[in-house]
Amino acid sequence: MGRIVYAAAMSHVLYPDYYGENVGPHGRKMVEELIEVVRDMGRTLAAAAPDALVVVADDHLNVFSFDAVPALCVRVGRSVSRMVQDDAIEFDRALDGLPERYPVHEGLANAILEQGLQAGFDFAASWSAPLDHAFLSPVSTLYGDRPVPPLVPFWVNCFVAPQPTAQRCFAAGRHIARVVADGPWKVAVIATGGLSHFPELSLARVGQSDPVFDRRAVTLMEAGDHAALAALTAKELHDTGSHELLNWLVLLGAVSPARARVRFFGEMGRIDLAALEWDVA
Amino acid sequence: MSRYDTNVILYRLKKDPAFRDRFRSDPSTALAGTDLTEEERQAFMRWDVPRLNELGGMLHLLLSIPGLGH
């Protein structure tokens, strides 16, 4: 019988130069502090020795063009490549120098996909989508020079309206938990992104976050009040710039009813940064 | 508002270096044949990023097109 051996969520632009350029020295310092915490979390993750690592993250219109935007997508196949962006600017540069290919855990990916369709989740499947910083910045920070276990990348459409609901993302996480429990593998699950930034996806509001909303969300995770989080509306997420919380909702579904421990919380101004772990062992 | 066409062009500007070069050197020709409103076309021609965002252009694309700042 399988089980989830490690679960965490964290902000995913773990790139000091980006915040140094766009926020200044205090932004650089804050993300450097977060990176140290994530590296320490990586030691716990590596010690749990998962057979597979499910990474729940979003696409920043790097992979899925407007031709088709899946609400929820499972990456299947044997391996997955790093996104390549010529003349990359800003957060896309966080990918420079990382390995070009990573293994995919075919068995778990196929099980999540196939059992999902049987259970009424119309997941999209991709055999070719590459990974951008939302996946690889946390994975590379967690693992450093250690070998990365086979991945199961899982995309949530966080940005192109209409997005899946928080409730649906939570339900998808419950599905992942059932698949893991029924399978033979030890599985780690991480979700990435956030906290609040880019409210309303409006250029005029770049530079604003919503610390009140973020403190409330984190407090609900510490309390294990998943019903309140799953009840968040698309308008609340959009207005506060909490679009990427949808990734975290999938993780919450996977670990529910576990409560979170806050490893890092920082209010930067442009974004609020966080890293949380859940006691699942 | 042709939100789809606006974002398809922004996506191509990010991902297609040849199209990006054509747009930089002659935006009018690069945009020929696209299904944009006149207002959207003018925003592209001026490279008016705030206006393109107001017209439905996705923020993450507008912030990450190489060589075309905001």
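## The largest pocket

In this predicted model, the largest pocket holds about 190 Å³ of space. Its lining is made up of 13 residues, and those closest to the centre of the pocket are Glu200(A), Leu201(A), His238(A), Gly56(B) and Met58(B). As you can see from the chain letters, chain A and chain B are both represented in that group. Sorted by class, the lining has 5 nonpolar, 5 polar and 3 charged residues.

Glu200(A) is worth a second look, as this residue of the pocket lining also takes part in a salt bridge with Arg205(A), at 2.7 Å from N to O. How accessible are the two partners? Glu200(A) is partly exposed at 36% relative accessibility, and Arg205(A) is partly exposed too, at 25%.

## Spaces closed off inside

Besides the pocket, you can look for cavities: the structure has 3 of them with a volume of 30 Å³ or more. The largest cavity has a volume of about 130 Å³. Among its 16 lining residues, Val13(A), Tyr18(A), Tyr19(A), His197(A) and Ile271(A) are the closest to the centre. This lining divides into 6 nonpolar, 8 polar and 2 charged residues.

The second largest cavity contains about 80 Å³ of space. Which classes of residue make up its lining? Here the count is 9 nonpolar, 1 polar and 1 charged. To find this cavity in the model, start from Asp59(A), Leu61(A), Phe64(A), Val69(A) and Pro70(A), which are among the residues that line it. The lining also includes residues from Trp155(A) to Val160(A), namely Trp155(A), Val156(A), Asn157(A), Cys158(A), Phe159(A) and Val160(A).

## Salt bridges across the sequence

Side chains of opposite charge can pair when their charged atoms come close. Over all chains, the structure holds 17 salt bridges. One of them joins Asp40(A) to Arg263(A), with 2.7 Å between the closest N and O atoms. Asp40(A) belongs to helix H2 (residues 25-47) of chain A and Arg263(A) to strand E9 (residues 260-267) of chain A, so this pair ties together parts that are 223 residues apart in sequence.

Asp40(A) is partly exposed, with a relative accessible area of 31%, and Arg263(A) is partly exposed as well, at 27%. The pair also has company: Asp40(A), Arg43(A), Arg261(A), Arg263(A), Glu277(A) and Asp279(A) are linked in a network of salt bridges.

## A salt bridge within one helix

Chain B offers a salt bridge between Glu54(B) and Arg51(B), whose closest N and O atoms are 2.6 Å apart. These two residues are 3 residues apart in helix H5 (residues 49-54) of chain B, so about one helical turn separates them.

Are the two partners buried or exposed? Glu54(B) counts as exposed, at 54% relative accessibility, while Arg51(B) is partly exposed, at 25%.

## Helix H5 of chain A

Chain A has its own helix H5, which runs over residues 166-182 and has 17 residues. From its first C-alpha to its last, this helix reaches 25 Å, close to the 24 Å expected at 1.5 Å a residue.

Which residues of this helix are buried? They are Ala166(A), Cys169(A), Phe170(A), Ala172(A), Gly173(A), His175(A), Ile176(A), Ala177(A), Val179(A) and Val180(A).

Methods
Residues numbered from 1 in each chain as written. Chains lettered and ligands numbered in written order. Predicted model: local features only at pLDDT ≥ 70, side-chain atom pairs only at ≥ 80, totals over all residues. Heavy atoms only, no water. Helix = DSSP H or I, 4+ residues; strand = E, 2+ residues; numbered from the N terminus. Expected span 1.5 Å × (residues − 1). Buried < 20%, exposed > 50% of the residue type's maximum accessible area, 1.4 Å probe, protein only. 1 Å grid on protein atoms, 1.4 Å probe; cavity = no way out; pocket = protein on both sides within 12 Å on 5 of 7 lines; lining within 4 Å. Points joined across faces, edges and corners; volume = space filled by probe spheres on them. Nonpolar A, V, L, I, M, F, W, Y, C, P; charged D, E, K, R; others polar. Salt bridge = Lys/Arg side-chain N within 4 Å of Asp/Glu carboxyl O.
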